[in-house]
Amino acid sequence: MKKLLSLTFVSLLVLPIAARAQGTLKIGTVDMNKTFREFNKTKDAEAKINDAKNQAKKEYDERADSYKKALDDINNLNKQLEAPALSADAKAQKAKERDDKIANIKNMEREITEFRQTRERQLQEQALRMREGIVKEITEVVMERVKSNNLDLVFDKSGNSLNGVPVLMYSRETVDFTNDVVAVLNKPGRPSSVTTTLSPAAKEGAASPAATPKKP
């Protein structure tokens, strides 16, 4: 899975243009990537999801170890069944024990696969909700600046076109208000609509993307 909150934002934030009598536009710029990266809520969200990933990987590894042990037990039983001195009754008993373990290990394979897929989906959904909330809050602060300064246009200076060329080729530093947005977002005691608390299911994390352990 890609790094939790590494994404390309909407390349252009446009406030509907109201034509002015004097024919001039008030323009501002903001670096959305920098704002997203330096917002404390982003760092909190990344930390919590990374913790959940690590916890899930620990659970995954424990299941993989149990799977490997079960495989070793089956291999040992197969070797015992090959012993020529083994009586018919003993061979039948060990064969049944081996078959039971084979049935059990198939269940383990299914459970490991389901565990990985479920955890990945839970964390992806949780990360998306957090990201959407963070983007929404950043946008609200940007729009507060738009209203207070009566801006007509705001460009995201971090945005690129489909050809990979910066949408905003040049702007004066005086029109950029990225640092102001970050300062408002990180102001101590500021009410925030963003929650970085994981849901009960997602707290268990997303398992390692490694494949289900395979038989040797």
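## Exposure and the model

A residue counts as buried under 20% relative accessible area, as exposed over 50%, and as partly exposed in between. Lys 69, at 54% relative accessibility, therefore falls in the exposed class. Keep in mind that what you're looking at is a predicted model.

## The salt bridge around Lys 69

So who does Lys 69 pair up with? Its salt-bridge partner is Asp 73, and the closest N and O atoms of the two sit 3.6 Å apart. Both residues belong to helix α2, which covers residues 40-81. They are four residues apart there, so about one helical turn separates them.

The two ends of this pair don't share an exposure class: Lys 69 is exposed, while Asp 73 has a relative accessible area of 23% and is partly exposed. With the buried class ending at 20%, that 23% is why Asp 73 goes down as partly exposed rather than buried.

## A link across to helix α3

Asp 73 has another partner. Its side chain also meets that of Lys 101 in a salt bridge, at 3.8 Å from N to O. Here the two residues come from separate helices: Lys 101 lies in helix α3 (residues 88-148) and Asp 73 in helix α2, so the bridge ties together parts that are 28 residues apart in sequence. Lys 101 comes out as partly exposed, at 26% relative accessibility.

Put these pairs together and you get a network of salt bridges linking Lys 69, Asp 73 and Lys 101.

## A pair within helix α3

Helix α3 has a salt bridge of its own, between Lys 96 and Asp 100, with the closest N and O atoms 3.1 Å apart. Which spacing do Lys 96 and Asp 100 have along the helix? They are four residues apart in helix α3, so about one helical turn lies between them.

On exposure, Lys 96 is at 54% relative accessibility and counts as exposed. Asp 100, at 44%, is partly exposed. Overall, the count for the model comes to 10 salt bridges.

## How confident the prediction is

Across the chain the mean pLDDT is 80, and 78% of the residues reach 70 or more. Among the elements, helix α4 (residues 178-185) has the highest mean, at 95, and strand β1 (residues 12-13) the lowest, at 38.

Two stretches deserve a mention. Over residues 1-22 pLDDT stays under 50, and the model has 44 contacts beyond four places in sequence for them. Residues 204-216 also stay under 50, with 48 such contacts.

Key
Residues are numbered from 1 along each chain as its sequence is written. Side-chain values use heavy atoms; hydrogens and water are left out. A salt bridge is a side-chain nitrogen of Lys or Arg within 4 Å of a carboxyl oxygen of Asp or Glu. Buried means under 20% relative accessible area, exposed over 50%, partly exposed in between (1.4 Å probe, protein chains only). pLDDT is the predictor's confidence in each residue, from 0 to 100. Contact means heavy atoms within 4.5 Å.
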